[in-house]
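Let's take a walk through this model, starting with its aromatic rings and then moving on to the empty spaces inside it. Keep the viewer open as you read.

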Amino acid sequence: MISPSPGPRPSRRSLLAGAAAGAGLLALPAEALTQRASAGAPYIRKPLPPSWFYDYGSNAEMRWDSVSTQQYLTPQPRLFVRNHTATPTVDVSTYRLRIFGDGLATPRSSDAAVTLSYGDLRSLPVTRRTTVHECTGNGRSFFGTQQGTPASGTQWTLGAVGAVAWQGVRLGTVLERIGLDPRAVSIMATGLDDPYVSGGVDYGRVRRPFPVTKALEDALLVWGADGEDLLPDHGYPIRLLLPGWVGIGSIKWLGSLEVSTAEQTSPWNTKWYRMTGGGYPADSPPLTVNPVRSALELGWGATLVRRAVVPLTGRSWSGAGPIARVDVSTDGGATWDRARVVRGGHREAWTQWAYDWRLPSRGDHVVMARATDVAGRQQPLVSPYNDGGYFFDAVVRHPVTVA
Ligand SMILES: Nc1nc2c(c(=O)[nH]1)N[C@H]1C(S)=C(S)[C@@H](COP(=O)(O)O)O[C@H]1N2
Ligand SMILES: [Mo]
């Protein structure tokens with residue numbers, strides 16, 4: 001299989017060398033080290049080798065043609081980054097998570113917040129959880145390129161997503177120890193990165209409220225991924241994680257949690273990350289559970305070598321739970337055939353699948369993958385337009401050439 005990628009792929013040698021050192025997840029191609037200066041700096045700290053990422057300045061997208069079928073999880077060095085501002089430096093020795101609000105059993109003002117150090121959080125019972133971590137705007141570019149109605153925002157293809165094995169402590173454990181007022185309904189999570197300024201307006205620090213029910217169900221305060229500390233770009237030392245929910249809910253560099261007996265709002269649940277425009281009503285609710293999506297492990301317009309059987313591989317995922325089935329079309333959607341599940345995976349991580357494309361003719365083709373999750377949600381052929389370009393979940397028409 002040949003993919004037209006502008007940069008070299010990580011060499012087999014560097015990957016093997018990393019694996020031999022027992023650090024396979026952190027192995028970087030040699031080129032990464034020399035590209036440090038030109039990468040996402042000053043917004044993103046980690047190297048962004050062009051064979052792994054599309055660089056959009058403060059955001060970086062994982063390239064699907066850099067994903068190895070052998071690697072189920074997305075190591076942090078390869079995970080997409082979505083920053084509203086720039087990755088901050090947080091001093092772990094002075095770091096404190098502040099928890100306050102009238103929704104605690106003993107109400108506390110911001111000045112009298114409960115403070116938890118990094119050490120306090122690390123001493124609590126550890127929970128490990130693998131989830132698909134995804135930006136709400138993943139796939140946004142296809143509103144324009146596939147449906148002819150472009151939406152503004154980062155023009156992600158399908159790589160603002162990864163499957164990550166997180167380590168942390170259940171937020172529920174922390175809240176139960178502090179004590180909650182039974183009338184508490186909402187928690188505002190606020191990051192420590194600089195206030196977000198856009199179009200001359202200062203929106204304050206990145207923050208978004210989420211329901212207490214989600215906090216008690218499965219939210220985590222995360223300090224690690226792949227058995228390593230979080231990388232600075234992914235929220236070091238502590239980030240919130242709301243499994244299966246829109247990426248914006250998982251606030252990085254978590255500075256405070258305000259627990260309230262009243263609903264709370266921020267521009268990140270009123271102005272952004274809800275549906276506006278198109279056919280949506282003016283009062284559509286803040287987005288929560290991620291939709292169903294699929295991607296091929298191929299570059300855009302990849303060239304495949306003609307054989308009796310051309311193997312196609314890809315992944316499908318859903319915020320609502322496991323994938324029930326995946327169907328593939330190699331004739332632009334005229335006929336569909338079931339793909340074979342290679343690895344079904346954890347409750348909310350992705351499903352790897354494979355499809356044997358028999359005797360394709362030479363020339364240009366469109367390959368499509370359509371997944372259905374256990375909740376019965378199936379990827380549509382068209383995603384309803386919205387101004388924010390959120391939740392592009394339609395089947396993507398992926399061009400390939402058989403040579
Ligand atoms: N503090 C803070 N948290 C944040 C953001 C941010 O800019 N600042 N971006 C959010 C968005 S929109 C997404 S998609 C995820 C991206 O997480 P990642 O960069 O670790 O992949 O973080 C979320 N949490
Ligand atoms: Mo996002």
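Start with the rings: a search of the whole structure turns up 16 aromatic pairs. One of them is Tyr196 with Trp268, a tilted pair with 6.0 Å from centre to centre and 55° between the planes. Tyr196 sits in the loop between strand 8 (186-191) and strand 9 (197-198), while Trp268 belongs to helix 7 (residues 267-270), so this pair ties together parts that are 72 residues apart in sequence. Both Tyr196 and Trp268 are buried. Bear in mind as you look around that this is a predicted model.

Some rings come in a group. Phe142, Phe143, Trp300, Tyr385 and Phe392 make up one aromatic cluster. Other rings have a charged partner: Arg122 lies over the face of Trp223, 3.7 Å from the ring centre, and Arg343 lies over the face of Tyr72, at 3.9 Å from the ring centre.

Hang on to Tyr72, and turn to the enclosed spaces. How many cavities of 30 Å³ or more are there? The count comes to four. Tyr72 helps line the second largest cavity, along with residues including Met62, Leu73, Arg78, Arg315 and Trp350. That cavity holds about 100 Å³ of space, and its lining splits into six nonpolar, four polar and two charged residues.

The largest cavity has a volume of about 250 Å³. It is lined by 20 residues, and the ones closest to its centre are Arg82, Gly247, Ile248, Ser250 and Lys252. Sorted by class, the lining has eight nonpolar, eight polar and four charged residues. Where do they come from? Domain 1 (12-82) and domain 2 (96-270) each supply at least three residues to this lining.

Now for an open space, the second largest pocket, where you'll meet Arg82 again. Arg82, Arg140, Gly153, Trp272 and Tyr390 lie nearest the centre of this pocket, out of 20 residues that line it. About 360 Å³ of space lies inside. Its lining is made up of six nonpolar, nine polar and five charged residues. Why does the pocket lie between domain 2 (96-270) and domain 3 (292-402)? Both domains give residues to the lining of the second largest pocket, so the pocket lies between them.

To tie the tour together, look once more at Arg82: this residue is among those closest to the centre of the largest cavity, and also among those nearest the centre of the second largest pocket.

Terms used:
Residues numbered from 1 in each chain as written. Chains lettered and ligands numbered in written order. Predicted model: local features only at pLDDT ≥ 70, side-chain atom pairs only at ≥ 80, totals over all residues. Heavy atoms only, no water. 1 Å grid on protein atoms, 1.4 Å probe; cavity = no way out; pocket = protein on both sides within 12 Å on 5 of 7 lines; lining within 4 Å. Points joined across faces, edges and corners; volume = space filled by probe spheres on them. Nonpolar A, V, L, I, M, F, W, Y, C, P; charged D, E, K, R; others polar. Domains from an automatic or database assignment. Phe/Tyr/Trp six-rings, centres within 6.5 Å; stacked < 30°, edge-to-face > 60°. Helix = DSSP H or I, 4+ residues; strand = E, 2+ residues; numbered from the N terminus. Buried < 20%, exposed > 50% of the residue type's maximum accessible area, 1.4 Å probe, protein only. Lys NZ or Arg CZ within 6 Å of the ring centre and 35° of its normal.
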